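Please keep the sequence and the model side by side as you read, and look up each residue as it is named. The explanation below goes from the whole to its parts.

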Amino acid sequence: MGYNILMPELPEAETICRSLKPEIKGRVITGIKLLWPPLLRETQASALDHWLGARLIDIRRRGKMILLDIDDQETMLIHLKMTGQLFLVSVKEPVDKHTRLILRLDEGQWELRFRDPRKFGYIKIFKTFEESQTPPLNELGPEPLTLSASDFVNLFRKFKGKIKSLLLRQNFIAGLGNIYTDEILHQAKINPERLSNSLSNQELIRLYWAMIKILNRAIEYRGTSVRDYRDGRREAGDFQNHLRVYGREGERCFRCHGLILRKKIGGRSAFFCPQCQPALV
Ligand SMILES: [Zn+2]
């Protein structure tokens with residue numbers, strides 16, 4: 001499915017964190033290999049020295065990004081971008097040419113590796129207490145899964161635009177990308193080109209619950225693997241088998257049997273069912 005810019009979204013980043021957390025929490029970093037120095041963004045290579053001997057105390061997610069915390073009160077932001085993968089393997093596993101960073105753990109039987117064929121991903125190290133001032137974290141909107149329905153509706157007072165484009169904006173709400181915005185809008189029966197200020201309160205509430213439902217289901221199915229995405233154990237997700245509109249141009253809608261369309265909206269492909277998601281109500 002080579003449709004567009006595809007990158008892991010909230011459910012994929014969340015699945016990676018959940019799959020790695022029990023495996024890496026509490027472990028000590030006993031070796032660091034930076035195989036591709038441009039991976040570091042706004043971070044000196046010497047910042048990694050600090051990480052040698054440190055203990056990993058958490059792995060978390062913010063939007064589509066992954067955050068690794070060490071006991072020395074520093075955090076590593078890992079942005080997977082399009083093709084980044086973060087996984088734990090045995091040191092015996094050969095290191096392939098796309099591996100960019102290796103963190104060896106404990107006695108050295110296991111390694112956390114960051115692999116990224118397209119090299120768009122990056123990492124950044126900062127003081128954990130400076131997280132809220134650190135770009136791009138300081139520009140992120142709220143987390144959809146901890147936002148209340150009324151706070152979600154209130155977001156629309158400050159922001160306006162076509163609903164598909166708005167949901168993609170990370171400063172509006174964090175973690176949604178091309179796949180889940182399409183799935184959420186189909187679930188909510190809202191046309192992706194509707195202007196946000198044309199949506200009634202009832203529609204916004206429907207959109208909110210659709211967002212919660214789709215994201216939770218996608219996490220339950222451990223993300224969508226249409227391309228490179230794998231979890232922390234390098235296993236594929238399963239939500240690609242549950243997509244209702246994304247990548248289904250010309251196929252029948254499961255709900256109304258209408259034809260799924262694909263249209264460019266704000267430079268991004270949107271898949272939708274014009275029958276279930278009419279342009280104007
Ligand atoms: Zn339909």
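The paragraphs that follow treat the domains, then the sheets, then the helices, and finally a few points in the backbone.

The model shown here is a predicted one, and it is convenient to begin with its division into domains. The domain assignment of the protein gives domain 1, which covers residues 10–139, and domain 2, which covers residues 144–272. The C-alpha centres of domain 1 and domain 2 are 28 Å apart, and where the domains touch, 18 residues of domain 1 are in contact with 22 residues of domain 2. Which element gives the largest share of the side of domain 1 that touches domain 2? That share, nine residues, comes from H1, while H1 and E5 each supply at least two residues of this side. By character, the residues on the side of domain 1 that touches domain 2 divide into seven nonpolar, five polar and six charged.

We turn now to the strands. One open sheet is formed by four strands in the order E1-E6-E7-E5, and their pairing is antiparallel. At its edges are strand E1, residues 29–34, and strand E5, residues 85–90, each of which pairs on one side only. From one strand to the next in this sheet, the twist averages 20°. To follow one pairing in detail, look at E5 and strand E7 (residues 110–115), which pair in the antiparallel sense over six bridges; here Phe87 stands opposite Arg113 in E7.

Another open sheet is formed by four strands in the order E2-E3-E4-E8, again with antiparallel pairing. Its edge strands are strand E2 (56–62) and strand E8 (122–127), each pairing on one side only, and the twist from one strand to the next averages 20°. Within this sheet, strand E4, residues 74–79, runs antiparallel to E8 and is joined to E8 by six bridges. One residue to look for in E4 is Thr75, whose bridge partner in E8 is Phe126. As you trace such strands, it helps to remember that in a regular strand the side chains alternate between the two faces of the sheet.

A further antiparallel pairing links strand E9 (residues 261–265) with strand E10 (residues 268–272) over five bridges. In E10, Ala270 is the bridge partner of Lys263. The hairpin of E9 and E10 has two residues between the strands, and in this hairpin Gly266 takes a positive phi near 55°.

How does H1 lie with respect to the strands? H1 lies across E5, strand E6 (99–105) and E7, and runs at about 35° to E5. H1 also lies across E2 and strand E3 (65–70), running at about 170° to E2.

The helices can be taken next. Two packed helices are described by the angle between their axes and the distance between the axes. Helix H1, residues 10–24, and helix H5, residues 201–220, pack at an angle of about 40°, with their axes 9 Å apart, which means that H1 is oblique to H5. H1 passes H5 in a right-handed crossing. In this contact, Leu10, Pro11, Glu14 and Thr15 of H1 meet Leu215, Ala218 and Ile219 of H5, and the residues divide into five nonpolar, one polar and one charged.

H5 also packs with helix H4 (residues 178–188), for the axes of H4 and H5 come within 8 Å and cross at roughly 130°, so H4 is likewise oblique to H5. The crossing of H4 and H5 is right-handed. On the H4 side the contact is made by Tyr180, Glu183, Ile184, Gln187 and Ala188, which meet residues of H5 including Arg206, Leu207, Met211 and Leu215. The residues of this contact divide into nine nonpolar, one polar and three charged.

Two details of the backbone remain. The peptide bond from Pro135 to Pro136 is cis, with omega near 0°, and Pro136 is found in the loop between E8 and helix H2 (149–158). Asp106, although not a glycine, has a positive phi of about 50°, and the place of Asp106 is in the loop between E6 and E7.

Conventions:
Residues are numbered from 1 along each chain as its sequence is written. This is a predicted model: local features need pLDDT of at least 70, side-chain atom pairs count only at pLDDT 80 or more; totals for chains, interfaces and linings use all residues. Axes are lines fitted to C-alpha atoms, for helices over the stretch in contact, and angles run from 0 to 180 degrees between N-to-C directions. Angles under 35 degrees count as roughly parallel, over 145 as roughly antiparallel, 65 to 115 as roughly perpendicular and the rest as oblique. A crossing is left-handed if the near helix is turned anticlockwise from the far one by less than a right angle, and right-handed if clockwise. Two residues are in contact if their C-beta atoms, placed from the backbone, lie within 7 Å. Ala, Val, Leu, Ile, Met, Phe, Trp, Tyr, Cys and Pro count as nonpolar, Asp, Glu, Lys and Arg as charged, and the others, Gly among them, as polar. Two strands pair if DSSP finds at least two bridges between them. Domain bounds come from an automatic or database domain assignment.
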